[in-house]
Amino acid sequence: MEFVVFAVFAAISVTAALFMVLQRNAMYSALFLVLNFFCFAVFFILLGAYFLAVVQVAVYAGAIMVLMLFVIMLLNVAYPEPLDKVLGFLRPFGVVTAVVFAVVLAGVGLASKMGDNASILPTIADPSSGAGIMLKGVGAAEAGHVQEVAATLFSRYLFPFEVTSVLLLAAILGASVLVRKRAEHA
Amino acid sequence: MPDETIMDGLFGLDGATWDMILAVITALIKAFVIVNGLLLAFAYMTLTERKVLGRMQARFGPNRVGPFGLLQPIADGIKLAFKEDVTPRQANFWVHMVAPMMALIPALIIFAVIPLGPEMRILGQPWTWYVAKINVGYLYATAIASVGVYGLVLAGWASNSKYALLGGLRASAQVISYELAQGLAAMTALVLAGSLNLYEIVNQQVSSGLPYALYLPFGLIAFVIYVVAGVAESNRAPFDMAEAEGELGAGFHTEYSGFKWSMFFMAEYVNMINISALATVLFLGGWWPIPTDAPGIIQGLGPIVFLIKIGAFMFMFIWLRATFPRLRFDRLMSLGWKVLLPIALVNLLLTSAVVALWPLGVWPFAQ
């Protein structure tokens, strides 16, 4: 049952990811990415990490992608010029990145397959390792519980958490400075 | 759940498998009832709205089809179902078709986590008034609600019309802005309850004997902010900038007709019901004052109390529409960002301080 659900959604997510990359239309790409995010939420649910699943939908699908659609709508890039003319010089870098990513992925897969440490990667067959990457030090049963996530976030990961919020604040300040400057010149 | 001695071994399946199958069937039946109930409520909400608006404007409202106009929604439905469904030639066909679904489906599935009544036993069998009780219930509701905005954005974009595009942009900017104030106001209730589980939140209010809206003053402030933001969230008057008839045609659904058009309306009304239900759960104590551990008959009144509270909210939605003029868009944005958001934030901070200083469940300012 669990495996069937996983297989169906894995197929959908891979297909959506492929279409996301292959589409010429920016709006279609964004929509396929949203579909992909939903598949990831399903994977989190299968691993028992309900909190992460809901956050995945709320933050990525509900907030970030809506802003992306906003940008696409405002710039009205419905049928843009082929990007290979503008960004063609980036193509070799893209190939290199893809190869490096594939090697890393294969390496992690192999390591988890024959490794002694089952918690490197969560596997569907073994739900007890659920969401081990995200919440190391938190038992799998508690991975879905908000209290446990909060406790880990505000004790063990307090410093990265605060640094991230400073980073976001800097981005907001930067954006408002840019807007202000343009308003003065206009 | 089935008696294991009877079901065990039937068709070669053991008791645990039968339990699972029955749980799935129960959930499916509940989902069927809820979806159809919501759509029926939508149909008669349109009639109620037209009649109440009529009375408030010193006229009758629809009263020709059937007794008291009670068959009017059915006539409207048949008309809409057989109306020609036009897709503009310049529109993006697929996105134009998917947009109404992306608006309606999230609205319908939020109700799965709403606990309508206390857990009880009917004829000795356990019975629950919700489809799912998950420990991130409130977050589920907000996450799904935030997905609903896709319907508006995509409808505005796919129609390839300036009115629709402006309407879609306005709608999504408004929904995103008011989500913040709404979430912070809701968090006041979540902090008071110490849980995200909607059933637990109601349970705490019922057992403490006081709904969170009466946890003066912070609970009341949060409640008011939640409701105001909720009205804005559902794009209703006086916050219906997205479909301001005078300036934008019909806003994001200008280029829609027939059944797709009515799907946007279903989404709007079902969202109103969802916001009312969530406000009832978070601030009005759900089935309070019905005690959770009362005998079965009295417990059965719980869902009725809950539905009456939702009905009161829906009446308020209509009343607001009949009373207030529409806000200008910049006023609407500054109300959301400069008034509601700061108040909700300070309110949440003070509530958290009180909850941290006093033992859980004790509210020093009550009475």
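Reader: Before we look at helix pairs, how are the axes and angles defined?

Author: Happy to start there. Axes are lines fitted to C-alpha atoms, for helices over the stretch in contact. Angles are taken between N-to-C directions, and they run from 0 to 180 degrees.

Reader: Thanks! At what angle do helix α11 and helix α13 of chain B pack?

Author: Keep in mind that this is a predicted model. In chain B, α11 covers residues 258-283 and α13 covers residues 302-323. Their axes lie 9 Å apart, and the packing angle is about 125 degrees.

Reader: Which word describes how α11(B) and α13(B) lie to each other?

Author: Angles of 65 to 115 degrees count as roughly perpendicular and those over 145 as roughly antiparallel, with the rest outside the roughly parallel range called oblique. The pair packs at about 125 degrees, and α11(B) passes α13(B) in a right-handed crossing. The two helices are therefore oblique.

Reader: Which residues meet there, and how many of them are charged?

Author: From α11(B) come M272(B), I273(B), S276(B), A277(B), A279(B) and T280(B). They meet F306(B), K309(B), I310(B), F313(B), M314(B) and F317(B) in α13(B). By type, the contact has nine nonpolar residues and two polar, and the number charged is one.

Reader: α11(B) also packs with α4(B); are those two roughly parallel or roughly antiparallel?

Author: Helix α4 of chain B spans residues 93-109, and its axis comes within 8 Å of that of α11(B). The axes cross at roughly 25 degrees, and angles under 35 degrees have their own class. That makes α4(B) and α11(B) roughly parallel.

Reader: What is the handedness of that crossing, and how many nonpolar residues does the contact hold?

Author: α4(B) passes α11(B) in a left-handed crossing. On the α4(B) side are P100(B), A103(B), L104(B), A107(B) and L108(B), while the α11(B) side includes M263(B), F264(B) and V270(B). Besides two polar residues and one charged, the nonpolar residues number 10.

Reader: Is helix α8 of chain B mostly covered or mostly open, and which helices lie over its buried residues?

Author: α8(B), residues 198-208, is mostly covered, with eight of its 11 residues buried. Among the buried ones are L198(B), Y199(B), I201(B) and V202(B), along with N203(B) and Q204(B). After the helix comes G209(B), with a positive phi near 80 degrees. The cover over the buried residues includes α5, α7 and α11 of chain B.

Reader: Stepping back to the whole of chain B, what is its radius of gyration?

Author: Chain B has 14 helices and two strands. Its C-alpha trace spans about 60 × 60 × 40 Å along the principal axes. For 367 residues the globule rule gives 21 Å, and the chain comes close to that, so it is as compact as a globular protein of that length; its radius of gyration is 22 Å.

Reader: And what percentage of residues is buried in each chain?

Author: Chain A has seven helices and zero strands. Of its 186 residues, 19% are buried. In chain B, with 367 residues, the buried part is 46%.

Reader: Last one: which helix of chain A gives the most to the side that touches chain B?

Author: In the contact between the chains, 16 residues of chain A meet 18 residues of chain B. The chain A side divides into 13 nonpolar, three polar and no charged residues. With 12 residues, the helix that gives the most to this side is α3, residues 50-75 of chain A.

Conventions: Residues numbered from 1 in each chain as written. Chains lettered and ligands numbered in written order. Predicted model: local features only at pLDDT ≥ 70, side-chain atom pairs only at ≥ 80, totals over all residues. Helix = DSSP H or I, 4+ residues; strand = E, 2+ residues; numbered from the N terminus. Left-handed = near helix turned anticlockwise from the far one by under 90°. Contact = placed C-beta atoms within 7 Å. Nonpolar A, V, L, I, M, F, W, Y, C, P; charged D, E, K, R; others polar. Buried ≥ 20, exposed ≤ 12 C-beta atoms within 10 Å, placed from the backbone. Rg over C-alpha atoms; globule rule 2.2 N^0.38 Å.
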